[in-house]
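Student: I would like a close look at one part of this model, namely the pairing of its strands and the loops and turns that go with it. Please start from one hairpin and work outward.

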Amino acid sequence: MYEGRYYIIGDEHKEFAADKMGDTDYYILTLAAVARELLIRGLSSASVYLAVGLPLTWVSEQKDSFKAYLLQRKAADFSFRGKDYHVTFAGAAVFPQGFSAVADRLREFRGVNMLCDIGNGTMNVMYINNGKPIPSKCYTEKFGTHQCMIAVREKLMQRFGVAVDDTVIEDVLRYGKADIGKQYLDAIRETAAEYVAGIMRRLREHEYTPELMKLHVMGGGSCLIRNFAEYDPSRVTINSDICATAKGYELPARRSLGGTV
């Protein structure tokens, strides 16, 4: 509950928004995330420094406005899952999605490498050659897991005339299976495979050539590649840690604060 209003977190899938500052949703989600972190630490009050991210090619244009959006209040009083919290905001830093997850180990990226971070609404692509990121070869595509969800819903409605709960679709995308009838499972898997083929096609448009470079996939959508793509494991690395990028934000944020958080 915030400013006299109740919010439900996670009841519906958040639709893709190119401008995160267009509504209060991301601010409310940030408060909920802060509350979960404080609960883990046994705290109900704290001074918080936010370390967040934006798609690769959006950072330079939206960084300042997104930071102002997150710091719109010096402090926030709210309740989450029946517990009251008081938070003061000490500042915020905005980092590029995907790249932040590997910034501390660039020396491992020998030769030509393509980094692919598949999120909810976007897919971020970056080249890292001999440990050096190539700014001129960074791309952001509106081709994330949300678009795959939409494609699956449409296929199920066209083929069977039914609306399937998103949690069922998410289970199939994440794990490749779900406790549903075979015809529905086959339709979801078929659509997911078609969508992954689209991902690979877009990577090829950015000159992805498996024989000449290595592909590093991360983000919540990495499960799509793992479950529905055909690839050579010796040439493709899948990082299944959905927190990898967030952990990447934390490292430079700690350094900017002198190692204290």
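Tutor: The model is a predicted one. Strand β5, residues 123–129, and strand β6, residues 132–141, run antiparallel and are joined by 6 bridges. One pair in this ladder is Met-123, which stands opposite Glu-141 in β6. The two strands form a hairpin with 2 residues between them, and in that turn Asn-130 has a positive phi of about 50°. Most residues other than glycine have a negative phi.

On the other side of β5 in sequence is the loop between β4 and β5, where Gly-119 is found. Is Gly-119 buried or exposed? Gly-119 has a relative accessible area of 24%; because buried means under 20% and exposed over 50%, Gly-119 counts as partly exposed. Apart from neighbours within four places in sequence, Gly-119 is in contact with Gly-144 and Thr-145. A further reference point is Ala-178, which is 59 residues from Gly-119 along the chain, with 22 Å between the two C-alpha atoms.

The loop that holds Gly-119 also leads back to β4. Strand β4, residues 112–118, runs parallel to β7, and 5 bridges join the two. Within this pairing, Leu-115 stands opposite His-216 in β7. Strand β7 has a second partner in β8, residues 236–238, again in a parallel arrangement, with 3 bridges. There, Leu-215 stands opposite Val-236 in β8. β7 is thus paired with β4 and with β8. Of the 5 residues of β7, which spans residues 214–218, 4 are buried, so this strand is largely enclosed by the rest of the structure.

A second set of pairings involves β1, β2 and β3. Strand β1, residues 45–54, and strand β3, residues 83–96, run parallel and share 10 bridges. In this ladder Ala-51 has Ala-93 of β3 as its bridge partner. Strand β3 also pairs with β2, residues 75–80, but here the strands run antiparallel and 6 bridges join them. The bridge partner of Ala-76 in β3 is Val-87. β3 therefore has one parallel partner, β1, and one antiparallel partner, β2, where a pairing requires at least two bridges.

β2 and β3 also form a hairpin, with 2 residues between the strands, and Arg-81 takes a positive phi near 55° in it. Arg-81 is not a glycine, and its place is the loop between β2 and β3. With a relative accessibility of 67%, Arg-81 counts as exposed. The hairpin of β5 and β6 likewise has 2 residues between its strands and a positive phi in its turn, at Asn-130.

Ahead of β2 comes another loop, between α2, residues 59–70, and β2, and Leu-71 lies in it. Leu-71 has a relative accessible area of 28% and is partly exposed. Leaving out neighbours within four places in sequence, the contacts of Leu-71 are Phe-89, Gly-91 and Ala-92. Val-168 is 97 residues from Leu-71 along the chain, and their C-alpha atoms are separated by 36 Å.

One other residue with a positive phi is Glu-3, at about 50°, and Glu-3 is not a glycine either. Glu-3 is in the segment before α1, residues 25–40. The relative accessible area of Glu-3 is 55%, which makes it exposed.

As for the setting of these parts, the protein has 7 helices and 8 strands. Its radius of gyration is 20 Å, close to the 18 Å that the globule rule gives for 261 residues, so the protein is as compact as a globular protein of that length. The C-alpha trace spans about 50 × 50 × 30 Å along the principal axes. Of the contacts with a separation of 6 or more, 62% are between residues 24 or more positions apart. Buried residues account for 43% of the 261 residues. The accessible surface is about 14400 Å², and carbon and sulfur atoms contribute 50% of it. There are 33 positive and 32 negative charges, and their mean positions are 6 Å apart.

Technical notes
Residues are numbered from 1 along each chain as its sequence is written. This is a predicted model: local features need pLDDT of at least 70, side-chain atom pairs count only at pLDDT 80 or more; totals for chains, interfaces and linings use all residues. Side-chain values use heavy atoms; hydrogens and water are left out. Helices (H or I, at least four residues) and strands (E, at least two) are DSSP runs, numbered from the N terminus. The radius of gyration is taken over C-alpha atoms; the globule rule is 2.2 Å times the number of residues to the power 0.38. Buried means under 20% relative accessible area, exposed over 50%, partly exposed in between (1.4 Å probe, protein chains only). Contact means heavy atoms within 4.5 Å. Accessible areas come from the Shrake-Rupley method with a 1.4 Å probe; for residues, only the protein chains shown count as cover. Lys and Arg count as positive and Asp and Glu as negative; His and the chain ends are not counted. The place of a charge is taken as NZ of Lys, CZ of Arg, CG of Asp or CD of Glu.
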